[in-house]
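User: I am new to this structure and would like a close look at one part of it. Could you walk me through the pairing of two neighbouring strands, and then show me how that part sits in the rest of the chain?

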Amino acid sequence: MQPVGVAKGTLMLSAYCPRHGSTVLYSPSSITGIRNTPLGIEVTIECYCGELIEVLSGASSAEPAVASAR
Ligand SMILES: [Zn+2]
């Protein structure tokens with residue numbers, strides 16, 4: 001498994017949280033689920049504010065894209 005949106009040398013993930021209204025850094029322990037989809041790896045992150053964020057890490061994309069913002 002490879003972390004998504006990870007900076008070199010760290011194990012932090014970044015994703016946009018709509019409740020925060022900004023990009024938030026998460027530790028790997030914030031990950032609640034990882035799914036393989038035809039579009040790429042979908043990672044579910046539980047934000048510190050309780051928001052569930054799904055991040056799609058496409059193989060063709062260098063940057064993770066926010067799959068949905070529920
Ligand atoms: Zn948040």
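Analyst: Happy to. Let's begin with strand 3 and strand 4, which run antiparallel and are joined by 6 bridges. One pair to look for is Arg-35, whose bridge partner in strand 4 is Glu-42. The turn from strand 3 to strand 4 is a hairpin with 2 residues. Please keep in mind throughout that this is a predicted model.

Strand 3 covers residues 31-37 and is hardly covered by its surroundings: of its 7 residues, the number that count as buried is 0.

Now move to the loop between strand 3 and strand 4, where you will find Leu-39. Is Leu-39 buried or exposed? Leu-39 counts as partly exposed because 14 other C-beta atoms lie within 10 Å, while a buried residue would need 20 or more. Setting aside neighbours within four places in sequence, Leu-39 has contacts with Leu-56 and Gly-58. For Gly-58, 19 residues away along the chain, the C-alpha separation from Leu-39 is 6.0 Å.

Follow strand 4 (40-46) onward and you meet the core. Strand 4, strand 1 (13-17) and strand 5 (52-57) each supply at least two residues of the largest nonpolar core. This core has 8 residues: Leu-13, Ala-15, Cys-17, Tyr-26, Val-43, Ile-45, Ile-53 and Val-55. Strand 1 gives the most to this core, with 3 residues. As a general background, nonpolar side chains in soluble globular proteins tend to be buried together.

Ile-45 is a good place to pause. Apart from neighbours within four places in sequence, Ile-45 is in contact with Leu-13, Ala-15, Tyr-26, Ser-30, Ile-31, Thr-32, Ile-53 and Val-55. Several names in that list, including Leu-13, Tyr-26 and Val-55, also belong to the largest nonpolar core.

Next comes the loop between strand 4 and strand 5, which holds Cys-47. Cys-47 is partly exposed, because the number of its C-beta neighbours inside 10 Å is 16. Not counting residues up to four places away in sequence, Cys-47 touches Cys-17, Arg-19, His-20, Val-24 and Ile-53. Tyr-16 is 31 residues from Cys-47 along the chain, and their C-alpha atoms are 9.7 Å apart.

Those contacts bring us to another pair of strands. Strand 1 pairs with strand 2 (residues 22-26) in the antiparallel sense, over 5 bridges. Here Leu-13 has Tyr-26 of strand 2 as its bridge partner, and both residues are members of the largest nonpolar core. The hairpin of strand 1 and strand 2 has 4 residues between the strands, and in it Gly-21 takes a positive phi near 75 degrees.

Let's step back to the whole chain. There are 6 strands and 0 helices, so reading from the N terminus on gives the order β-β-β-β-β-β. Of the 70 residues, 16% count as buried. Among contacts between residues at least 6 apart in sequence, 30% join residues at least 24 apart.

Finally, a word on confidence. The mean pLDDT of the chain is 80, and 69% of its residues reach 70 or more. Among the elements, strand 2 has the highest mean pLDDT, at 94, and strand 6 (residues 65-68) has the lowest, at 58.

Note on methods
Residues are numbered from 1 along each chain as its sequence is written. A nonpolar core is a set of buried Ala, Val, Leu, Ile, Met, Phe, Trp, Tyr and Cys residues joined through C-beta atoms within 7 Å. A residue is buried if 20 or more other C-beta atoms lie within 10 Å of its own, exposed if 12 or fewer, and partly exposed in between; C-beta atoms are placed from the backbone. Two residues are in contact if their C-beta atoms, placed from the backbone, lie within 7 Å. Two strands pair if DSSP finds at least two bridges between them. pLDDT is the predictor's confidence in each residue, from 0 to 100.
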